[in-house]
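Me: I am about to look at a protein model and would like to go through its strands, helices and cores step by step. Please reason each answer through for a beginner.

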Amino acid sequence: MFGGGGGMNPQKMKQMMNQMGIDLTEIDAEEVIIRTPDEELVFHDADVQQMDAQGQSTYQVVGEPDVQPRGEHEPAADDGGDDEDEPSAIPESDVEIVAGRTGVSAEAAREALEATDGDLAAAVERLE
């Protein structure tokens, strides 16, 4: 039906994709988080590829996720028991992402996340 059993040469596949206007890029992701209304799928050291074709970007994430109820992903800051030290329920990883992308302090990133109800894209846009 589709030819030999060995598959296609990766170099030939890349050449064909380029001819069709498809660009494939590896992304060196440390962590990928997919949030649904009920849970979070957290991929650590996942293989991520971005494919650009016809003006659309598609992302492929390969790996085994840790599935957690929503809100459990943020690391425990300290076990002092005093919740007054924790200013919000914004995950520290989100603060680091916003601070890294915009070059602002963690405090400014946290404030932007709080102002946008934890929306990463809106927080980054607000700070740019």
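Me: In which order do the strands of the open sheet that contains β6 stand?

Reply: A word on the source comes before the strands: this is a predicted model, in which local features need pLDDT of at least 70 and side-chain atom pairs count only at pLDDT 80 or more, while totals for chains, interfaces and linings use all residues. Residues are numbered from 1 along each chain as its sequence is written, and side-chain values use heavy atoms, with hydrogens and water left out. Strands (E, at least two residues) and helices (H or I, at least four) are DSSP runs numbered from the N terminus, and two strands pair if DSSP finds at least two bridges between them. With antiparallel pairing, the three strands of this open sheet have the order β2-β3-β6.

Me: Which strands are the edge strands of that sheet?

Reply: An edge strand here is one that pairs on one side only. From one strand to the next the twist averages 20°, where axes are lines fitted to C-alpha atoms, for helices over the stretch in contact, and angles run from 0 to 180 degrees between N-to-C directions. The edge strands are β2 and β6 (66-69).

Me: How many residues lie between β2 and β3 in their hairpin?

Reply: Strand β3 covers residues 39-44 and is joined to β2 by five bridges, the two running antiparallel. Within this pairing E31 stands opposite H44, and I34 has L41 as its bridge partner. The number of residues between β2 and β3 in the hairpin is three.

Me: What is the strand order of the open sheet that contains β1?

Reply: The pairing in this sheet of three strands is antiparallel, and its edge strands are β1 (23-27) and β5 (56-62). β1 pairs with β4 (residues 47-53) over five bridges, with T25 opposite Q50, whereas seven bridges join β4 to β5. The order is therefore read with the two edge strands, which each pair on one side only, at the ends under the DSSP pairing rule: β1-β4-β5.

Me: Which residue in the turn between β4 and β5 has a positive phi?

Reply: Most residues other than glycine have a negative phi. β4 and β5 form a hairpin with two residues between them, and one residue in the turn has a positive phi of about 55°. That residue is Q54.

Me: Is D45 buried or exposed?

Reply: D45 lies in the loop between β3 and β4, and has a positive phi of about 55° although it is not a glycine. Buried means under 20% relative accessible area, exposed over 50%, and partly exposed in between, using a 1.4 Å probe and protein chains only. Because its relative accessibility is 66%, D45 counts as exposed.

Me: At what angle do helix α2 and helix α4 pack?

Reply: Two packed helices are described by the angle between their axes and the distance between the axes. Helix α2 (residues 92-102) and helix α4 (residues 120-127) have their axes 10 Å apart. Contact means heavy atoms within 4.5 Å, and the residues that make it are D94, I97, V98, R101 and T102 of α2 with L120, A123, V124 and L127 of α4. The packing angle is about 35°.

Me: Which elements give two or more residues to the largest nonpolar core?

Reply: A nonpolar core is a set of buried Ala, Val, Leu, Ile, Met, Phe, Trp, Tyr and Cys residues joined through side-chain atoms within 4.5 Å. The largest one has nine residues in all, including V95, V98, A112 and V124. The elements asked for are α2, α3 (106-115) and α4.

Me: Against which elements do the buried residues of α2 pack?

Reply: The buried residues of α2 are S93, D94, V95, V98, A99 and T102. One of them, V95, touches I90, A106, A109, R110 and L113, not counting residues up to four places away in sequence. The elements that the buried residues of α2 pack against are β2 (31-35), α3 and α4.

Me: How far apart in space are E125 and V98, C-alpha to C-alpha?

Reply: E125 is found in helix α4 and is exposed, with a relative accessible area of 60%. In sequence, E125 and V98 are 27 residues apart. Their distance in space, C-alpha to C-alpha, is 9.6 Å.
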